[in-house]
Amino acid sequence: MSEANLTMGHDAGVMEERPFAIPSKKLVMWLFIISDACTFGAVLYAYGYVRNAAPDWPHHFEAASIINVAIMTFVLVTSSLTMLIATRAAKAGDKSGALRFTFITVVLGLVFAALHLREWMSMIHEGVSLFQNPWGAPLFGATFFGVTGLHLLHVISGAIALTVVALGYKRGRYNADDIEIWSLYWHFVDLVWMFVVPMVYLLNVAR
Amino acid sequence: MSAVTNAESLKTDLLVYVGILALAGVQIFLAYHSPGVVRMLAVGAIQAFLAVMHFMHLRGEKSTLRLALIPATLFVLVMMNMIWADSYRLIHLRPFPK
């Protein structure tokens with residue numbers, strides 16, 4: 001008698017097939033990702049709406065800012081690659097390799113967060129706050145900190161989640177599927193950044 | 001997974017990784033020479049396609065999963081474009097959109 005019948009009663013059938021042939025928890029992560037994609041989409045559209053409606057939107061980002069953003073992009077995309085390698089290692093049963101590359105991913109995520117916070121501090125020092133700035137439309141600060149802050153929150157919480165999952169994987173509480181599921185979240189965070197950079201930074205370069 | 005398959009996978013991973021970074025470089029080039037929202041979004045969409053299909057392994061999943069996830073998400077994101085009429089109304093301080 002299968003364990004399913006023991007828990008579900010004598011007349012219970014076999015357990016349902018996995019939805020779309022993936023574990024349920026993986027489907028849940030995909031559903032969360034598409035909902036978060038719509039959230040970020042709404043935030044970016046709101047940013048575009050405010051920017052489009054303002055006649056004096058600041059074009060503030062000098063070459064130093066763009067270089068910083070390029071470095072941040074390199075760090076985040078590299079962290080996606082290391083997470084991909086970690087997932088493949090976990091699927092192949094290479095536990096130490098999976099852990100090593102997951103922790104490298106976490107470190108790269110924290111480097112990204114540090115670079116981002118440094119940029120924030122620089123802008124606040126120049127006089128940018130939520131509802132005023134020295135250059136133009138008052139809502140520049142609110143939209144900038146709102147969009148990038150939401151993304152930064154996802155990066156930091158992703159770094160925390162990956163650490164928890166990696167430590168659980170090391171202890172045997174989690175398996176390779178869990179590493180893969182959280183790698184999906186991390187790749188999504190990277191994917192969002194690919195839209196934040198052009199919309200928030202590259203369309204507002206100083207000329 | 002065999003060593004050969006692993007090596008091929010890593011090679012493809014690296015190619016996609018370099019491709020995404022190269023596209024980021026293209027966006028920076030466009031920012032200084034030929035800026036435009038549509039061009040930027042188009043390059044971003046290609047990067048997103050590479051990331052979703054390859055990094056997130058959606059290419060290797062069942063087609064029903066792709067059909068369940070992608071069209072609905074794209075529909076919601078495309079429908080958000082209806083706000084632009086109001087945005088243009090606002091900048092011209094018109095009481096109603098054209």
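**Exercise 1. At roughly what angle do the axes of α6(A) and α2(B) cross?**

This is a predicted model, in which local features need pLDDT of at least 70 and side-chain atom pairs count only at pLDDT 80 or more, while totals for chains, interfaces and linings use all residues. Residues are numbered from 1 along each chain as its sequence is written, and chains are lettered from A and ligands numbered from 1 in the order in which they are written.

Step 1. Helices are DSSP runs of H or I with at least four residues, strands are runs of E with at least two, and both are numbered from the N terminus. Axes are lines fitted to C-alpha atoms, for helices over the stretch in contact, and angles run from 0 to 180 degrees between N-to-C directions.

Step 2. The axes of α6(A) and α2(B) cross at roughly 175 degrees and come within 9 Å.

Step 3. Angles under 35 degrees count as roughly parallel, over 145 as roughly antiparallel, 65 to 115 as roughly perpendicular and the rest as oblique. The two helices α6(A) and α2(B) are therefore roughly antiparallel to each other.

Step 4. Two residues are in contact if their C-beta atoms, placed from the backbone, lie within 7 Å. On the α6(A) side, the residues include A:His187, A:Asp190 and A:Leu191, and on the α2(B) side they include B:Met40, B:Gly44 and B:Gln47.

Step 5. For classes, Ala, Val, Leu, Ile, Met, Phe, Trp, Tyr, Cys and Pro count as nonpolar, Asp, Glu, Lys and Arg as charged, and the others, Gly among them, as polar. The contact of α6(A) with α2(B) has nine nonpolar, three polar and one charged residues.

**Exercise 2. Describe the side of chain B that touches chain A.**

Step 1. Chain B has four helices and zero strands, in the order α-α-α-α from the N terminus on.

Step 2. In the contact between the chains, 37 residues of chain B face 35 residues of chain A.

Step 3. At least two residues of this side come from each of α1 (3–33), α2 (37–55), α3 (63–79) and α4 (84–91) of chain B. The largest share, 11 residues, is that of α1(B).

Step 4. The side of chain B that touches chain A consists of 26 nonpolar, eight polar and three charged residues.

**Exercise 3. Check the length of α2(B), then follow the chain past its end.**

Step 1. The expected span of a helix is 1.5 Å times one less than its number of residues. For the 19 residues of α2(B) this gives 27 Å, and the distance from the first C-alpha to the last is close to that, at 26 Å.

Step 2. A residue is buried if 20 or more other C-beta atoms lie within 10 Å of its own, exposed if 12 or fewer, and partly exposed in between, with C-beta atoms placed from the backbone. Among the buried residues of α2(B) are B:Val43, B:Ala51 and B:Phe55. Over chain B, 16% of the 98 residues count as buried.

Step 3. B:His57 lies in the loop between α2 and α3 of chain B. Its phi is positive, about 60 degrees, although B:His57 is not a glycine. B:His57 counts as partly exposed because 15 C-beta neighbours lie inside 10 Å.

**Exercise 4. Which helices supply the largest nonpolar core?**

Step 1. A nonpolar core is a set of buried Ala, Val, Leu, Ile, Met, Phe, Trp, Tyr and Cys residues joined through C-beta atoms within 7 Å. The largest one has 62 residues, and A:Ala86, A:Leu184, A:Val192 and A:Val197 touch the most other members.

Step 2. At least two residues each come from α2 (24–53), α3 (63–91), α4 (95–125), α5 and α6 (176–201) of chain A and from α1 and α2 of chain B. The largest share, 17 residues, comes from α6(A).

Step 3. Beyond its neighbours within four places in sequence, A:Ala86 is in contact with residues including A:Ala98, A:Phe101 and A:Ile179.

**Exercise 5. Describe how α2(A) is placed against α6(A).**

Step 1. The axes of α2(A) and α6(A) come within 10 Å and cross at roughly 10 degrees. These two helices are therefore roughly parallel to each other.

Step 2. Residues of the contact include A:Trp30 and A:Phe40 of α2(A), and A:Leu184 and A:Val192 of α6(A).

Step 3. By class, the contact of α2(A) with α6(A) has 14 nonpolar, one polar and four charged residues.
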